[in-house]
Amino acid sequence: MVNGDATLFVLAQYLQSHQALHDDTVVATVMSNIGLELAFAVTGIRLIRTDVGDKYVLEELLRLGASLGGEQSGHIIFPALSLAAMG
């Protein structure tokens with residue numbers, strides 16, 4: 001099993017390598033492991049933390065214009081895809 005932190009790391013690296021990670025920023029909750037933040041720092045990715053809940057992650061993604069966020073629980077949000085599917 002792979003948790004949300006590992007998934008965020010792999011996805012962020014992929015997006016960054018394709019110049020698709022806006023401002024090299026990922027949004028996650030305060031529950032994400034400090035190891036995720038340290039791993040991101042090595043790759044030049046900034047981790048922004050929010051309160052727990054995907055609604056808070058989404059709010060921050062929209063505020064920043066960021067392209068990837070999620071929770072350690074495995075909820076992953078790509079605003080460009082998630083919101084396009086809703087509207």
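Where is the place of Val-2 in relation to helix H1? In this predicted model, Val-2 belongs to the segment that precedes helix H1 (4-17). With a relative accessible area of 59%, Val-2 is exposed. Its C-alpha atom is 8.4 Å from that of Gly-74, although the two residues are 72 positions apart in sequence.

The protein chain contains four helices and four strands, arranged along the sequence in the pattern α-β-α-β-α-β-β-α. Its radius of gyration is 12 Å, close to the 12 Å that the globule rule gives for 87 residues, so the chain is as compact as a globular protein of that length. The C-alpha trace extends over about 35 × 30 × 25 Å along the principal axes. Of the 87 residues, 34% are buried. Among contacts with a separation of 6 or more, 46% are made by residues 24 or more positions apart.

The four strands form an open sheet in the order S2-S1-S3-S4, and the pairing is mixed. Strand S2 (46-50) and strand S4 (76-77) are the edge strands, each of them pairing on one side only. Strand S1 (residues 25-29) runs parallel to S2, to which it is joined by five bridges. Within this pair, Thr-29 of S1 is placed opposite Thr-50 of S2. S1 is also parallel to strand S3 (residues 69-70), and two bridges connect these strands. Gly-69 in S3 is the bridge partner of Val-27. Helix H3 (residues 54-64) packs on the sheet and touches S1, S2, S3 and S4; the direction of H3 makes about 160 degrees with that of S1.

The burial of S1 was examined residue by residue. Five of its five residues are buried, so S1 is largely enclosed by the rest of the structure. In a regular strand, side chains alternate between the two faces of the sheet. In S1, Thr-25, Val-27 and Thr-29 are buried on one side, while Val-26 and Ala-28 are buried on the other, and both faces of the strand are thus covered.

Helix H3 has its own set of buried residues, namely Val-57, Glu-60 and Leu-61. These three residues are on the same side of H3, because the arc that they cover around the axis is only 105 degrees. Just after H3, Gly-65 adopts a positive phi of about 75 degrees. A glycine with positive phi also follows helix H2: this residue is Gly-44, with phi near 80 degrees.

At its N-terminal end, H2 is capped by Asn-33, which has a side-chain oxygen 2.5 Å from the backbone nitrogen of Gly-35. Ser-32 is located in the loop between S1 and helix H2 (34-43). The relative accessibility of Ser-32 is 5%; because this value is under the 20% limit for burial, Ser-32 counts as buried. Its side chain makes a polar contact of 2.8 Å with the side chain of Asp-5. When neighbours within four places in sequence are left aside, the residues in contact with Ser-32 are Asp-5, Arg-49 and Gln-72.

The loop between H1 and S1 includes Asp-23 and Asp-24. Phi is near 55 degrees in Asp-23, a positive value in a residue other than glycine. Asp-24 likewise is not a glycine and has a positive phi, of about 45 degrees. As for accessibility, Asp-23 is exposed, with a relative accessible area of 55%, whereas Asp-24 is partly exposed, with a relative accessible area of 30%.

Methods: Residues are numbered from 1 along each chain as its sequence is written. This is a predicted model: local features need pLDDT of at least 70, side-chain atom pairs count only at pLDDT 80 or more; totals for chains, interfaces and linings use all residues. Side-chain values use heavy atoms; hydrogens and water are left out. Two strands pair if DSSP finds at least two bridges between them. Contact means heavy atoms within 4.5 Å. Axes are lines fitted to C-alpha atoms, for helices over the stretch in contact, and angles run from 0 to 180 degrees between N-to-C directions. Buried means under 20% relative accessible area, exposed over 50%, partly exposed in between (1.4 Å probe, protein chains only). A polar contact is a pair of N or O atoms within 3.5 Å; within protein, one must be able to donate a hydrogen and the other to accept it, and residues adjacent in sequence count only if both atoms are side-chain atoms. The arc is that of the directions from the helix axis to the C-beta atoms. The radius of gyration is taken over C-alpha atoms; the globule rule is 2.2 Å times the number of residues to the power 0.38.
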